[in-house]
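Hi,

Here's the structure I promised to pass on. Have a look at it first, then read my notes underneath.

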Amino acid sequence: MTHDTSPAIELRGAGKAFRTPSGALHTAVRELDLTVGRGEFVAVVGPTGCGKSTTLTLVSGLEEPTEGEVLVGGEPVRGIGTDVGFVFQQDAVFPWRTVLSNVMAGPRFRGAAKAEARERARDWLARVGLSAFEDRYPHQLSGGQRKRVALAATFVNDPSILLMDEPFSALDVQTRALMSDQLLDLWAGTGSSVVFVTHDLEESIALADKVVVMTAGPATVKQVFTIDLPRPRKVEEVRLEPRFIEIYREIWSSLGEEVRITRERGTGNAA
Amino acid sequence: MLPESATLPQQPAKPTDRTAARARAVRNRTLLVQGCRLLVLAAVLGLWEWFARTGVIDPFNFSMPSRIGDQIWTWTTHGTAQGSLGAQVWATLYEALYGWLIGVTAGVLLGIALGRVRFLADVFGPYVKVLNAMPRIVLAPIFLIWFGLGPASKIASAVVLVFFPVFFNAFQGAREVDRNLVANARILGASNRQVTFQVVIPSATAWIFTSLHVSFGFSLIGAIVGEYIGATQGIGLLVANSQGTLNSAGVYAAMVILAVVALAAEGLLTLVEKRLFRWKPVQPGAER
């Protein structure tokens with residue numbers, strides 16, 4: 001905690017509605033109230049397709065809320081903030097840039113000199129274990145390696161707010177566990193606040209200080225659980241602890257109901 | 001450290017008998033395909049020649065391969081009625097290249113601009129559609145009146161033919177940029193200008209390049225038609241003159257020369273493309 005007492009992220013009654021191509025109004029999220037403290041790791045879980053990602057786009061400034069307020073560092077969000085990092089679900093690395101150049105992109109966009117950007121990029125590539133790959137193009141890497149490039153490219157900007165939208169959902173189970181551990185390591189050094197969206201409850205408990213359960217869409221916060229598992233954690237080990245299983249059961253009793261509702265609505269709009 | 005980062009992909013181990021057999025099969029297939037290609041060419045030319053010589057088709061109207069060969073030989077060694085063959089080829093190439101460069105530059109710039117700026121697209125969209133719907137080749141006579149018999153009128157007709165395919169592809173390319181990439185760039189701190197130059201243009205290059213292939217052919221058409229209508233130099237004029245003197249071999253010979261020129265230009269473009277797209281994964285079956 002710093003001397004500034006305002007929380008890192010605050011959503012006050014935030015809502016977002018989109019116009020669908022057919023002209024109808026689709027409410028993605030409604031009446032969102034959520035506070036993320038400084039340096040806190042918050043995981044957001046909910047049924048697939050419920051509007052979890054929309055929450056992130058509101059915080060990032062990529063989209064504006066149609067209702068309510070979104071505050072970052074006590075200030076209302078206007079456009080894309082400079083202290084925000086975003087790791088996307090799909091590959092968002094630039095395919096025509098080499099690995100090194102991809103990681104340099106952030107500092108270069110923000111006006112850093114080439115030499116300085118290169119130095120910082122190399123430092124982060126070393127931390128994600130990709131130093132030997134800096135001259136490769138993304139298509140020459142595995143999915144896990146590309147994800148690590150994305151992590152390095154995000155962390156190199158020193159974001160105090162880190163938003164992650166199901167970042168590891170496309171990876172296989174082993175790579176995912178590896179990446180989760182690596183994320184915890186990387187994050188531990190930065191003191192940044194994280195909002196991590198996932199539909200995987202295990203992943204959320206293993207990573208987070210706080211798990212937010214969302215309702216079936218249009219989503220709003222249903223319940224918030226504090227995870228009191230000690231850090232540092234290793235995701236594959238923490239999973240086996242009795243306390244973990246206890247928490248899992250407790251949260252699932254809340255989340256399971258929403259998942260059921262989503263399923264009953266049919267597979268048509270929530271795949 | 002992660003296990004993957006330590007190991008680089010290894011070259012395959014020493015070839016076994018099966019890999020050798022496979023390599024041989026691939027080689028045999030390549031030879032077979034090339035052999036059949038030659039056979040087809042020889043059959044078509046042979047039949048043509050045979051029919052013409054035996055009078056099945058009228059050699060005066062349809063000519064025959066040997067005469068076309070002779071005609072090309074005469075032009076190469078003794079020059080054409082309007083100067084050396086090299087000068088004719090160069091005149092046409094010069095007009096086509098100029099027209100192509102101008103058309104491509106204008107097409108790419110306007111395509112990207114309209115693709116990026118919604119307002120411009122909304123204002124100019126309908127006009128572009130109307131212009132595109134016109135059969136632009138009929139503008140060639142007008143250009144002849146405006147710009148005279150020199151290269152300028154041919155360059156102008158090449159430009160109008162080249163501009164539209166390039167424009168539409170650049171426009172589409174700028175529109176279809178992966179939204180994730182744009183969002184990512186913006187989060188990483190890119191300004192609008194940086195998004196245009198470092199995200200939109202690189203992702204649109206693939207689109208633009210497909211149109212470059214087609215459009216060079218169009219620029220040649222523009223130049224040739226322009227020359228055909230009225231010129232002092234060029235392959236199009238060769239065609240027109242041969243036609244005027246009822247020399248069908250000359251028309252065919254000019255076509256052959258043109259095909260060679262077009263193929264050479266295409267090859268050059270492919271070479272540039274390969275260098276520019278090193279970042280792209282090689283797609284199976286992509287090479288022709």
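A quick definition before the rest: helices (H or I, at least four residues) and strands (E, at least two) are DSSP runs, numbered from the N terminus. With that in hand, take residues 206-229 of chain B: this span is 100% helix and 0% strand, and its end C-alpha atoms are 35 Å apart. Residues 127-149 of chain B are 70% helix and 0% strand, with 30 Å between the end C-alpha atoms.

Two bits of housekeeping. This is a predicted model, where local features need pLDDT of at least 70 and side-chain atom pairs count only at pLDDT 80 or more, while totals for chains, interfaces and linings use all residues. Residues are numbered from 1 along each chain as its sequence is written, and chains are lettered from A and ligands numbered from 1 in the order in which they are written.

Back to chain B. Both spans above come from the UniProt annotation "transmembrane region" (unreviewed entry), which also covers 31-51, 97-115, 155-171 and 249-272 of chain B. UniProt positions are given in the numbering used here, feature names are shortened, and annotations may be inferred rather than shown by experiment. Chain B also splits into domain 1 (17-60) and domain 2 (67-276), with bounds from an automatic or database domain assignment. The C-alpha centres of these two domains of chain B lie 32 Å apart.

Now, where do the chains meet? In chain A, 27 residues are in contact (C-beta atoms, placed from the backbone, within 7 Å) with 18 residues of chain B. Strand E6 (84-87), helix H2 (99-109) and helix H4 (143-155) of chain A each give at least two residues to that side of chain A.

H2(A) deserves a closer look: ten of its eleven residues are buried, that is, with 20 or more other C-beta atoms within 10 Å of their own, C-beta atoms being placed from the backbone. Among them are A:Val99, A:Met104 and A:Arg108. The buried residues of H2(A) pack against helix H3 (114-127) and H4 of chain A, and against helix H9 (179-188) and helix H10 (192-229) of chain B. After H2(A) comes A:Gly111, with a positive phi near 90°.

Finally, chain A has an open sheet of four strands in the order E2-E1-E4-E5, with antiparallel pairing; strands pair if DSSP finds at least two bridges between them. Strand E2 (25-36) and strand E5 (75-76) of chain A are at the edges with a single partner strand each, so one side of each has no neighbour in the sheet.

Cheers

Conventions
Contact = placed C-beta atoms within 7 Å. Buried ≥ 20, exposed ≤ 12 C-beta atoms within 10 Å, placed from the backbone.
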